[in-house]
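Trainee: May we go through this model and ask what justifies the terms used for it?
Mentor: Certainly; let us set each term against its definition.

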Number of protein chains: 2
Amino acid sequence: MPGTVRKIAERWETPFTTRLKHFVDFTPDDLATLRRLIEYEATIEKRRDLVVDGYPYTKLSFIKEGMAARYKVLRNGKRQIVDVLIPGDVVGLPGSFHDRAAFSVIALTDMKLEVCSLDAFINVCYRRPKFALALSWLAVEHGNHSSERIVDIGRRTPIERLAHFLLELHGRLRIVGRADPTAFDLPISQEVMSDTLGLSVPHLNRMLTRLRNERMLIVADRRVQFTDIKALEVLAHFQSATLARIPAPMQREQELIA
Amino acid sequence: MPGTVRKIAERWETPFTTRLKHFVDFTPDDLATLRRLIEYEATIEKRRDLVVDGYPYTKLSFIKEGMAARYKVLRNGKRQIVDVLIPGDVVGLPGSFHDRAAFSVIALTDMKLEVCSLDAFINVCYRRPKFALALSWLAVEHGNHSSERIVDIGRRTPIERLAHFLLELHGRLRIVGRADPTAFDLPISQEVMSDTLGLSVPHLNRMLTRLRNERMLIVADRRVQFTDIKALEVLAHFQSATLARIPAPMQREQELIA
DNA sequence: CCGGCATATTGATCAGAATCAATAAAAATC
DNA sequence: GATTTTTATTGATTCTGATCAATATGCCGG
């Protein structure tokens with residue numbers, strides 16, 4: 001009864017599907033399949049490690065609520081956060097492809113995850129290649145994101161970096177409906193931000209103060225309010241990411257499979 | 001005549017296939033398919049841009065010979081190289097998924113590429129999901145690599161960064177048979193290296209000198225010779241990358257497809 | 001409401017790396 | 001082979017951002 005499937009699928013809207021819809025046409029049937037892949041829903045509390053560097057992780061977990069950070073701690077005790085994960089992002093995409101994760105992932109807030117096993121997902125990929133391509137797309141997207149971060153840390157000044165980070169995070173949150181046009185909740189400490197941007201906490205704090213003094217934003221109650229987003233974008237050399245579209249042939253699944 | 005196919009396929013060994021073989025079983029038939037995807041072979045001369053930031057690029061190009069750099073130039077004139085590409089790497093993997101490339105790619109040396117169209121590749125993915133998964137794997141691998149670079153630039157000291165970069169490049173070159181156990185050709189200028197590591201040229205030079213003085217390596221004739229690779233690894237906190245294995249179900253294509 | 005702990009803010013000092021500048025060496029071009 | 005251009009090396013100076021340190025603020029559980 002395809003009507004039933006559709007109804008269920010349509011009602012099932014998660015940040016992950018919201019994000020997917022921006023670049024690939026998932027049919028109600030696809031969505032139902034995706035949904036069936038979810039083995040369980042996990043609740044994680046703040047500060048708990050989801051993935052531990054050096055240990056196996058063989059799940060794909062879709063973030064439904066909350067934020068997390070992928071990071072590595074060096075022997076000298078310094079920590080570098082490689083990526084801040086938000087609703088709609090996948091935990092375990094890089095890790096699961098190796099026998100041992102190369103990075104840890106920690107919950108920055110309480111979280112809700114939808115968990116599926118990597119094996120199950122890959123099995124589906126054989127029946128629905130579109131899923132495998134979606135996986136590629138996610139990985140590519142993540143890679144781009146990382147590249148942008150390299151540019152940030154390598155060649156932008158601390159204040160540009162900070163501005164860029166905030167704008168970029170805002171943009172990503174917007175896509176999954178977790179931000180207002182000029183404001184968003186930022187439930188993370190300055191220590192986390194400094195470890196993300198490769199700065200010391202005091203210096204990050206100063207840069208934040210400067211942005212405030214320049215009247216570009218207001219930070220209060222773990223919430224960022226852009227007061228001059230234009231100026232901020234100029235400062236950060238920010239260009240809102242061209243959202244990837246799926247290459248033409250990827251839309252042709254029907255003819256090829258049917 | 002499957003025998004013929006196999007012979008051709010076996011004879012067709014490129015850095016790309018060498019690399020793939022490390023993580024996925026491509027049958028002779030797969031290899032033949034892959035080979036048929038190649039539209040033409042391109043020869044590029046040093047310093048030419050392969051991909052230009054802001055313009056479309058809809059190819060997947062497998063590097064057969066030579067090296068390239070993915071980079072971005074900021075408005076202040078600074079350049080950050082995001083990735084050094086070597087034989088076996090793919091040009092256009094991130095770029096092709098967007099309507100416009102977000103980074104430029106420049107040839108650091110004369111190069112030879114095998115070029116296929118993204119559309120053709122994706123079409124094949126529908127018939128052979130293994131190809132799509134291989135694509136994911138490449139993207140994931142690249143992402144990991146980028147993450148590692150973020151840690152480098154964000155939290156490692158310049159000398160550690162340099163050491164890490166050299167070891168990592170050496171490791172990658174080894175995989176595709178382009179390096180000796182303790183030495184490799186490094187046909188790139190110090191300017192390129194400094195833009196990769198987020199350092200100034202003079203400072204990079206000083207760090208290089210220091211590694212030489214510490215008797216960890218010798219640089220001559222655009223060739224690096226490790227004289228104390230152990231010490232170098234300790235300095236860089238280097239752990240030779242666990243090569244990813246393909247998740248179990250990915251090996252089961254035969255039963256699923258046949 | 002009270003410690004106690006995490007987080008934020010501010011200041012002072014100092015080291016490391018950028019910048020500026022000059023020269024040397026090597027490679028490419030004619 | 002001479003000349004130009006690129007690349008490498010070294011030095012002197014400046015300045016950014018880390019580090020150390022102190023204080024403030026907020027937050028939680030009891």
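The discussion below takes up the core and then the surfaces near the DNA strands.

Mentor: Please bear in mind that this is a predicted model.

Trainee: What makes a set of residues a nonpolar core?
Mentor: Its members are buried residues of the listed nonpolar kinds, joined through C-beta atoms within 7 Å. The largest nonpolar core here holds 138 residues, and A:Ala68, A:Ala69, B:Ala68 and B:Ala69 touch the most other members.

Trainee: Which residues are in contact with B:Ala68, leaving aside its neighbours within four places in sequence?
Mentor: Among them are B:Leu50, B:Ile63, B:Leu85, B:Val91 and B:Met111. They are called contacts because the C-beta atoms of two such residues lie within 7 Å.

Trainee: Why are residues said to be near DNA strand D?
Mentor: A residue is called near because its C-beta atom lies within 6 Å of the strand. Around DNA strand D there are 15 residues, and those that come nearest include A:Ser200, A:His203 and B:Gln190. Two or more residues each come from α8 of chain A and from α7 and α8 of chain B, with α8(B) giving the most, six.

Trainee: What surrounds DNA strand C?
Mentor: DNA strand C has 15 residues around it, with A:Ser189, A:Gln190, A:Pro202, B:Ser200 and B:His203 the closest. The largest share of that surface, six residues, is supplied by α8(A).

Trainee: How is the surface near DNA strand C divided by class?
Mentor: Six of its residues are nonpolar, seven polar and two charged. Pro counts as nonpolar, so A:Pro202, one of the closest residues, belongs to the nonpolar class.

Note on methods. Residues are numbered from 1 along each chain as its sequence is written. Chains are lettered from A and ligands numbered from 1 in the order in which they are written. This is a predicted model: local features need pLDDT of at least 70, side-chain atom pairs count only at pLDDT 80 or more; totals for chains, interfaces and linings use all residues. A residue is buried if 20 or more other C-beta atoms lie within 10 Å of its own, exposed if 12 or fewer, and partly exposed in between; C-beta atoms are placed from the backbone. Helices (H or I, at least four residues) and strands (E, at least two) are DSSP runs, numbered from the N terminus.
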